[in-house]
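Biologist: Would you walk me through this one? I like to hear how each label is earned.

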Amino acid sequence: MNSSAAIAPVGETVVIEKPVLGSIIDRLWRDGYTVVGPTLAESAIVIDQVRAIDDLPIGWTDDQEAGTYRLRRRDDRAYFGYAVGPHSWKQFLFPPKTTLYSIEFRADSMTVKPNVDPVPSYAFLGVRSCDLHAIEIQDRVFLHGPYVDRQYQARREKALIVAVHCAVAASTCFCESTGTGPRAVRGFDLALTELESEFLVEIATPRGAAICDGIKSRPAAGSDLGAAARIVDKTRNSMKRSLNLNGLPDILYQNLEHPRWDQVAERCLSCTNCTMVCPTCFCHALEDVPSLDGASSEKIRQWDSCFNPDHAHMAGGNNRPDIRSRYRQWLTHKLASWVDQYGVSGCVGCGRCVTWCPVGIDITEEAAAIRGDQP
Amino acid sequence: MNVPKPRLGVFKFASCDGCQLSILDCEDEILAVADRVEIAYFLEATRRPLEGRFDVSLVEGSISSPEQLEQIKDVRERSKFVVTIGACANGGGIQGLRNFISIEESIAAVYANPSYVKTLDKSRPIADFITVDLELQGCPINKYQLLNVIAQMLAGARPRVPDHAVCLDCKRRNIVCVVVSQGKACMGPVTSTGCGALCPAHDRGCFACYGPSHQPNTAALASRFESIGVPSDQIRRFFHAFYSTSPAFVAEGLRHV
């Protein structure tokens, strides 16, 4: 059956030849989306603009360990044969630096102007399950509280999400143990499973269906679904690390003076890398930047970190004056008080903080040590 | 408006003039500053003689000779607010490398006829001799950081100069970590912000020309350098090259010989 002209309904799963993904990318650009996805740059697979399928890191993978990331050629031409890299989608929904508003001073008055710069419509290509959960967590932070972040909201509502079920786990991945992957279950418009020469495409929303309208596809057969399920199962079973979340908040609260905090503080650089690569960390700093002529001033918001000593500086001094207190703040917020605050753990098991720590501190190891699972 | 403009002075001690050039490099912006500030003394830019008092003095260079020791006291007396600019003024600078050997040795190595040289035995930062109100780091300083400090002071705010690690800037710019992805030595995790992650943005490690960040964990980074095969003498040079008078950097460097 040739269904190439049919509108695939929401909830349907179809199969496309791999190069047809290129038509989907073209279609997204034509429809006004800025397509961002995995691409090679600076010795890593980063997230940047994807104009065509050749921009994807086809045939590449990554070897990840605590504190180490290396690109490596695969012996096939897989499109998505790697795990998450240093970037996350956070950079597009909650940009590293934004102007919130500007103030213009006149002789006897001042005018406050909110930033109304147009917000791009992003299409996120290749979002993994851990990152879908991370976006859901940041939604709770920026959208679901008493105050809604308008800039985040505008970016989030426009974004179209094409998920990819993971076919590869890095050694630093542990989403199986945090219940956040490797299969994407919600929060996407389309979801892909990479089969040998085809993609299985799950059409989850009307927006996703509109993008697939008219593309060359065939309905998925039972054997396709079986093959796709086996790929994700294999990924699930290959995960080496795990984080036991069971009862963890109480264990952390009861061990605020555990000697392990001193030990990790000896290794920790307090450099902020873990929090910057974390797809759920949302801390930021606000700064007034006056113009040189004194006629105006801008309120700037930038990514900040609980590892930045300045972050906890307030009238009366710094309430987290050493690396031990800063590391403890991060871990207990991420894995304990985050649950009190937002109803879920702040960790989605993506492993970025493990890989991108310059000295290779491993959150799973630290939590296990506090729990008493390790010598 | 008859309110007199704040008077700004720029002073130079043992240094290469690079930080003063960063001020001149402001070009367009300096015109906006000149509208609101009287540049009352700045030998690199004007021949106006040294006279009167200054609201803000920018001081470049380290104290390296007996003569400079007297001059810096005079600058302090003439100034309401002293801002030291650059690695020399704040950390001894590259010339501070001589602090690790005897002064006779370095004089003999450099000058054919050393009897004319009048020098202190060490190159020392300004804050060793006078009270400094604000330090702007870097070799050279970042002109935007300087302009921001001036703008903040003109706005009547207490100027803020962050001293977190360079890593935060790398990540804000989406730069991929060269330590993790390439095994390169990078001083970013213990080095103060200010440059905007200039070197990592060009695919090389930071070499600490902005001096130590707040509470740098030098031992942890040095041990990482060892594990990626950086030779011991190179580790020492990373810590001693620019901020030879910073206690944390000096001590760490001396552990690697």
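**How the labels are earned**

Modeller: Gladly. This is a predicted model. In chain B, 17 residues of domain 1 are in contact with 14 residues of domain 2.

Biologist: What makes two residues of these domains count as being in contact?

Modeller: Two residues are in contact if their C-beta atoms, placed from the backbone, lie within 7 Å. By that test 17 residues of domain 1 of chain B and 14 residues of domain 2 of chain B qualify. On the domain 1 side, helix α4 (residues 86-91) of chain B gives the most, with three residues. That side of domain 1 of chain B has six nonpolar, ten polar and one charged residues.

Biologist: Where do the two domains of chain B run, and how far apart are their centres?

Modeller: Domain 1 of chain B covers 7-154 and domain 2 of chain B covers 166-254. Their C-alpha centres lie 25 Å apart.

Biologist: Why is chain B called as compact as a globular protein of its length?

Modeller: Set the value against the rule: the radius of gyration of chain B is 19 Å, and the globule rule gives 18 Å for 257 residues. The two are close, so chain B is as compact as a globular protein of that length. Its C-alpha trace spans about 65 × 50 × 25 Å along the principal axes, and 47% of the 257 residues count as buried. The secondary structure of chain B comes to twelve helices and five strands.

Biologist: Which elements of chain B supply the side that touches chain A?

Modeller: In total, 33 residues of chain B are in contact with 39 residues of chain A. Helices α2 (28-36), α6 (143-154), α7 (166-172), α8 (178-182) and α10 (218-227) of chain B each supply at least two residues of that side, and α6(B) gives the most, with five. The residues of this side of chain B divide into 18 nonpolar, nine polar and six charged.

Biologist: Over to chain A. How do you know whether S129(A) is buried or exposed?

Modeller: A residue is buried if 20 or more other C-beta atoms lie within 10 Å of its own. S129(A) has 27 such neighbours, so S129(A) counts as buried. Helix α3 (residues 129-142) of chain A holds S129(A). Residues touched by S129(A) include C166(A), C175(A) and R183(A). S129(A) and V348(A) are 219 residues apart in sequence, yet 8.8 Å apart in space, C-alpha to C-alpha.

Biologist: What does α3(A) give to the side of domain 1 of chain A that touches domain 2 of chain A?

Modeller: α3(A) gives the most to that side, with seven residues. Across the whole boundary, 25 residues of domain 1 of chain A are in contact with 21 residues of domain 2 of chain A. The centres of these two domains are separated by 28 Å.

Biologist: And the sheet in chain A: why are β7(A) and β13(A) said to stand at the edges?

Modeller: Four strands form an open sheet in the order β7-β6-β14-β13 (chain A), with antiparallel pairing. β7 (110-114) and β13 (284-290) of chain A each have a single partner strand, so one side of each is left without a neighbour in the sheet. The twist averages 20 degrees from one strand to the next.

Biologist: How do you know that β13(A) pairs with β14(A)?

Modeller: Two strands pair if DSSP finds at least two bridges between them. β13(A) and strand β14 (residues 296-303) of chain A have seven bridges, in the antiparallel sense. Within this pair, E287(A) stands opposite I300(A) in β14(A).

Definitions and conventions
Residues numbered from 1 in each chain as written. Chains lettered and ligands numbered in written order. Predicted model: local features only at pLDDT ≥ 70, side-chain atom pairs only at ≥ 80, totals over all residues. Domains from an automatic or database assignment. Nonpolar A, V, L, I, M, F, W, Y, C, P; charged D, E, K, R; others polar. Axes fitted to C-alpha atoms, helices over the stretch in contact; angles between N-to-C directions. Rg over C-alpha atoms; globule rule 2.2 N^0.38 Å. Buried ≥ 20, exposed ≤ 12 C-beta atoms within 10 Å, placed from the backbone. Lists of a residue's contacts leave out its neighbours within four places in sequence.
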